[in-house]
Amino acid sequence: MWTLIVFFLLCFGWQCGLATPQAFAGCQDQTIIKTAEEALDKVNADRIEGYILGLNRVYDFSTEPREGGGTIFNLTLDVLETKCHVFSRKQWKSCKVRDISEMPVQGNCQVSFSVLTQLELYSYKCIIQQVPATTIVRICPDCPTVESLDEPIVPEIANLTLQSYNGKSGLNKHFGLLNVTRAGMQWVVGPTYIVEFTIQETTCLKNMSDVDSQSFVDVIKFSNDNQRFQCIYLQDAQVEELPGGKGKGALVAHSRKPLLGSVMELPPTSLKPSRPLPAAKNCPGKKQSAIMGI
């Protein structure tokens with residue numbers, strides 16, 4: 001009997017397309033929170049670069065009937081960056097949020113989706129921002145602070161590290177640098193740099209003498225100067241070899257599918273961006289986690 005009642009309520013609220021913000025208890029409503037958690041997993045699954053975002057709280061929401069049944073949800077979510085790269089394809093709940101000693105990043109996402117028999121993601125737009133160094137040093141003077149990726153030493157460290165990895169790994173193929181994702185500096189006697197980056201397997205074997213391991217890039221071009229292929233393999237991507245004869249041409253990688261949204265990362269600043277007050281009742285919700293002192 002109780003099963004039938006629960007099913008009827010779900011049908012009334014979602015599948016029958018009659019849900020309104022008034023039908024929920026606000027941003028702390030368990031249905032809203034569970035839906036937001038699933039929606040954020042869908043957002044992370046759609047992305048192809050950066051780190052997985054975790055839910056901190058539901059800031060605001062609105063609903064409207066979906067044509068043909070179901071409900072359209074528009075959620076504003078406060079998010080925190082985790083240490084898992086999106087390549088891991090993990091759910092955000094299984095990833096550790098960056099704390100004050102790990103160059104934390106926070107922000108918000110506008111997410112639109114529908115619910116009928118399952119959640120269908122329509123679009124998302126996230127804006128995230130690094131916590132400024134002044135804030136980190138005030139709370140934790142010995143913690144690393146964010147370093148600009150434009151600093152020449154950052155890609156130099158990444159390439160040297162990758163060269164060492166290629167030399168010591170027991171794998172028979174070269175790996176190339178895909179993307180430098182985060183860099184920081186910590187003062188320990190002298191400056192110590194922390195560089196995080198992603199790598200990709202190439203089709204170049206280690207016994208190939210004409211491979212320049214520092215020249216792997218995202219879109220691979222043929223160089224007429226040294227007449228070498230810069231070889232690359234991208235997982236979940238379609239790779240096309242352009243005509244040009246043996247030893248000539250290019251390999252071009254195409255994205256697997258159009259993305260449904262975007263994530264923009266802003267430079268750190270001590271000024272907090274303004275935004276409208278929540279329109280839904282009992283919003284924003286309670287934060288599920290917090291970076292110490294921020």
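Which residues touch the most other members of the largest nonpolar core? In this predicted model, the core holds 32 residues, and the best-connected members are Phe-61, Phe-73, Leu-75, Leu-77, Val-79, Val-111 and Phe-113. Helix H2 (30-46) and strands S1, S2, S3 and S4 are the elements that each give two or more residues to this core. A second core, separate from this one, has eight residues, among them Val-154, Phe-175, Val-180 and Val-195.

Val-79 makes a handy point of entry to the larger core. Apart from its neighbours within four places in sequence, Val-79 is in contact with Leu-40, Leu-53, Gly-54, Asn-56, Gln-106, Gly-107, Asn-108, Cys-109 and Ile-128. Within the sheet, Val-79 stands opposite Gly-107 in S3. The adjoining residue can be placed as well: Leu-80 has Gln-106 of S3 as its bridge partner. In a regular strand, side chains point to one face of the sheet and then the other in alternation.

The sheet around this core is built from five strands. Their order is S1-S2-S3-S4-S10, and the sheet is open with mixed pairing. S1 and strand S10 (261-266) stand at the edges with a single partner strand each, so each has one side without a neighbour in the sheet. On average, and with direction ignored, neighbouring strands here are turned by 15 degrees against each other. Helix H2 lies across S1, S2, S3, S4 and S10, and runs at about 120 degrees to S1.

Strand S3 (residues 105-115) deserves a look of its own. It is largely enclosed by the rest of the structure, because eight of its 11 residues are buried. With S2, S3 pairs in the antiparallel sense over 10 bridges. On its other pairing, with strand S4 (residues 119-130), the sense is again antiparallel, and there are 11 bridges. S3 and S4 form a hairpin, with three residues between the two strands. In this hairpin, Val-115 has Leu-119 of S4 as its bridge partner.

A separate description is needed for the three-stranded sheet. This open sheet has the order S5-S6-S7 and antiparallel pairing. Strand S5 (145-146) and strand S7 (190-205) are its edge strands; each has a single partner strand, so one side of each is left without a neighbour in the sheet. The antiparallel pairing of S5 with S6 comprises two bridges, and Thr-145 has Met-185 in S6 as its bridge partner. Helix H4 (residues 153-168) lies across S6 and S7, at about 130 degrees to S6.

Charged side chains add another layer to the picture, with 10 salt bridges in the structure. One of them joins Arg-57 to Asp-78, with the closest N and O atoms 2.6 Å apart. Arg-57 belongs to strand S1 (residues 51-65) and Asp-78 to strand S2 (residues 71-85), so this pair ties together parts that are 21 residues apart in sequence. Why do both partners count as buried? The cut-off for that class is under 20% relative accessible area. Arg-57 is counted as buried because its relative accessibility is 17%, and Asp-78 is likewise buried, with a relative accessible area of 7%.

Another salt bridge brings together Arg-182 and Glu-81, with an N to O distance of 2.6 Å. Here the link is between distant parts of the chain: Arg-182 sits in strand S6 (residues 173-188) and Glu-81 in strand S2, 101 residues apart. Arg-182 counts as buried at 4% relative accessibility, and Glu-81 counts as buried at 3%. Both residues also take part in a network of salt bridges that links Glu-81, Arg-98, Arg-182, Glu-196 and Glu-265.

The pair formed by Glu-102 and Lys-96 has a mixed setting. Their salt bridge has its closest N and O atoms 2.9 Å apart. Glu-102 is buried, with a relative accessible area of 17%, whereas Lys-96 counts as partly exposed at 44% relative accessibility.

Terms used:
Residues are numbered from 1 along each chain as its sequence is written. This is a predicted model: local features need pLDDT of at least 70, side-chain atom pairs count only at pLDDT 80 or more; totals for chains, interfaces and linings use all residues. Side-chain values use heavy atoms; hydrogens and water are left out. A salt bridge is a side-chain nitrogen of Lys or Arg within 4 Å of a carboxyl oxygen of Asp or Glu. Helices (H or I, at least four residues) and strands (E, at least two) are DSSP runs, numbered from the N terminus. Buried means under 20% relative accessible area, exposed over 50%, partly exposed in between (1.4 Å probe, protein chains only). Two strands pair if DSSP finds at least two bridges between them. A nonpolar core is a set of buried Ala, Val, Leu, Ile, Met, Phe, Trp, Tyr and Cys residues joined through side-chain atoms within 4.5 Å. Contact means heavy atoms within 4.5 Å. Axes are lines fitted to C-alpha atoms, for helices over the stretch in contact, and angles run from 0 to 180 degrees between N-to-C directions.
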